[in-house]
Amino acid sequence: MGRENGRVDVEAVRALRGPQGQRLLAALAGYDPADELRLATRLRREYPPGLVAAALTQARLRQRAREKFGADADRMLFTPAGLEQATRKPVAEYRAGRYAAAGLARVVDLCCGIGGDLLAFVRAGLAVLGVDRDPVTAAVAAANAEALGLADRVEVRCAEVTEVDPAGYGAVFCDPARRDERGRVFDPEAYSPPWSYLLGLADRVPETAVKVAPGIPHELVPEGAEAEWISYRGEVKEAALWFGALASARRRATLLPGGHTLTERDLPEVTVGPPGRYLYEPDGAVIRAHLVGHVAAQVDGRLLDPTIAYVASDRLVPTPFATAYEVTDVLPFQLKRLRALLRERGVGVLTIKKRGSALEPDRLRRQLRLTGDSAAVLILTRVAGAPTALLARPASQTGRGGSGKPARAGPARRPLPGPGNEIAK
């Protein structure tokens, strides 16, 4: 049956959805990988071996899926590739909310995968047609809608997405495959379906959104479309292009959880200047969207270099869009001098960050020969074109999605010299 080794196929999905499969999955609640051999031996006395193997595969996948899907994972089915590529629940909910806020009632989810976005659309109140060309993936998506009590507003169809007419659904979402047998695909025309087809979707159904790689070049964003970069808990997870009435800006950075967002509207001019008492590292979504100038304006700051996304300021200002560090030392990068400073401070735990530096952090860490019990952050960058090292520590401020309490700034361990915080010589 193709299930003796736990491989996920259509027959396995069908069996797991049946009464016997459901009882078996329920028996695996609280599954402990360390106990798998004994558990499998016991279960094979009651259930067919192939079904036990398929259920154990799902138990393992469900454990991994909780990070993306929370409690829903314990009722869902997965494929390994489908889980890896699925949109995490908070991101899917945010995106579905944009469709609902636009007053849309029906959406075609092309390349629906195991149903991460499809489920969010239904929960946002939309009727959904999910389409995927892989029979196993389509079967899993249908099973997940049923398991979560959403099947009455979902149709899942196994078909080539390019052969499905989205007319009559009012809106489209497409998450094209961006991998092939060799790994990630960086050329959008090599997406499946390709870039040219995706752009044509927006011509046929104006209210369309397309998921794209976060590294998409800005020059590829079509005129009139909105490009949005989304980070989740500080990591850039994805980007999407929005068309028609769904587009409300040219560029957008959104941070989840919390729904903090920046757009390019009224983007301020940014000055370039020396380091200050604080250094801000903008969130990756802000950097990808080229909206660092908004962060600089929020914190009354300036760029250390016109081409590098570090913001210097003499003030500690709470912002969800950047992480703040309190700078204790600034020095031209010299290995011996930096090693001596870290030894003097007793730094044995060092976080190394870099922008505009060719240095390899792991190699540098070995060269620094760290000893001691103190921790610090080393920031490698350029200031006025010169390689520069900034020693810092995390500043006390309201972070991403923080409480909004006033920020508190403690004294720097070693104040920077001079009223303008010039670079130490």
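Helices (H or I, at least four residues) and strands (E, at least two) are DSSP runs, numbered from the N terminus. The model is predicted: local features need pLDDT of at least 70, side-chain atom pairs count only at pLDDT 80 or more, and totals for chains, interfaces and linings use all residues. Residues are numbered from 1 along each chain as its sequence is written, and side-chain values use heavy atoms, without hydrogens and water.

**Figure 1. The whole protein chain has 13 helices and 18 strands.**
The C-alpha atoms fill a box of roughly 75 × 55 × 40 Å, taken along the principal axes. The protein chain has 425 residues, and 51% of them are buried (under 20% relative accessible area; exposed is over 50%, partly exposed in between; 1.4 Å probe, protein chains only). Now take the contacts (heavy atoms within 4.5 Å) with a separation of 6 or more. Residues 24 or more positions apart account for 68% of them.

**Figure 2. Helix α1 packs against helix α8.**
Helix α1 covers residues 10-17, and helix α8 covers residues 135-147. Their axes lie 9 Å apart, at an angle of about 15 degrees (lines fitted to C-alpha atoms, for helices over the stretch in contact; angles run from 0 to 180 degrees between N-to-C directions). The two helices are therefore roughly parallel (under 35 degrees; over 145 is roughly antiparallel, 65 to 115 roughly perpendicular, the rest oblique). The crossing of α1 and α8 is left-handed (the near helix is turned anticlockwise from the far one by less than a right angle; clockwise is right-handed). On the α1 side, V10, V13 and R17 make the contact. They meet P135, V136, A139, V140, A142, A143 and E146 in α8. By class, this contact has eight nonpolar, no polar and two charged residues (nonpolar: Ala, Val, Leu, Ile, Met, Phe, Trp, Tyr, Cys and Pro; charged: Asp, Glu, Lys and Arg; polar: the others, Gly among them).

**Figure 3. Helix α6 packs against helix α7.**
Here α6 spans residues 89-101, and α7 spans residues 116-123. The angle is about 50 degrees, and the axes are 8 Å apart. Helices α6 and α7 are therefore oblique to each other. Their crossing is right-handed. From α6 come K89, A92, E93, R95, A96 and Y99. From α7 come G116, D117, A120, F121 and R123. Sorted by class, the contact of α6 with α7 has five nonpolar, one polar and five charged residues.

**Figure 4. Strand β9 pairs with both β7 and β8.**
Strand β9 runs over residues 235-242. Its pairing with β7 (residues 208-212) is antiparallel, over four bridges (strands pair if DSSP finds at least two bridges between them). Look for V212, which stands opposite A239 in β9. Strand β8 (residues 226-232) also pairs with β9 in the antiparallel sense, over seven bridges. There, I230 has E238 in β9 as its bridge partner. Strands β8 and β9 form a hairpin, with two residues between them. In the turn, R233 has a positive phi of about 50 degrees.

**Figure 5. Cis peptide bonds come before P193 and P257.**
The first view shows S192 joined to P193 by a cis peptide bond, with omega about 0 degrees. P193 lies in the loop between β6 (183-184) and α9 (195-204). The next view shows L256 and P257, also joined by a cis peptide bond, with omega about -10 degrees. The loop that holds P257 runs between β10 (251-256) and β11 (260-263).

**Figure 6. R369 and A384 have positive phi values.**
R369 is not glycine, yet its phi is near 50 degrees. Find R369 in the loop between α13 (361-368) and β17 (374-383). With 57% relative accessibility, R369 counts as exposed. A384 is not glycine either, and its phi is near 55 degrees. The loop between β17 and β18 (386-394) holds A384. A384 is exposed, at a relative accessible area of 76%.

**Figure 7. Q58 sits in helix α4.**
Helix α4 covers residues 49-69. Is Q58 buried or exposed? Q58 is buried, with a relative accessible area of 2%. Which residues are in contact with Q58, leaving aside its neighbours within four places in sequence? They are V8, L16, L25, M76, L77 and F78.
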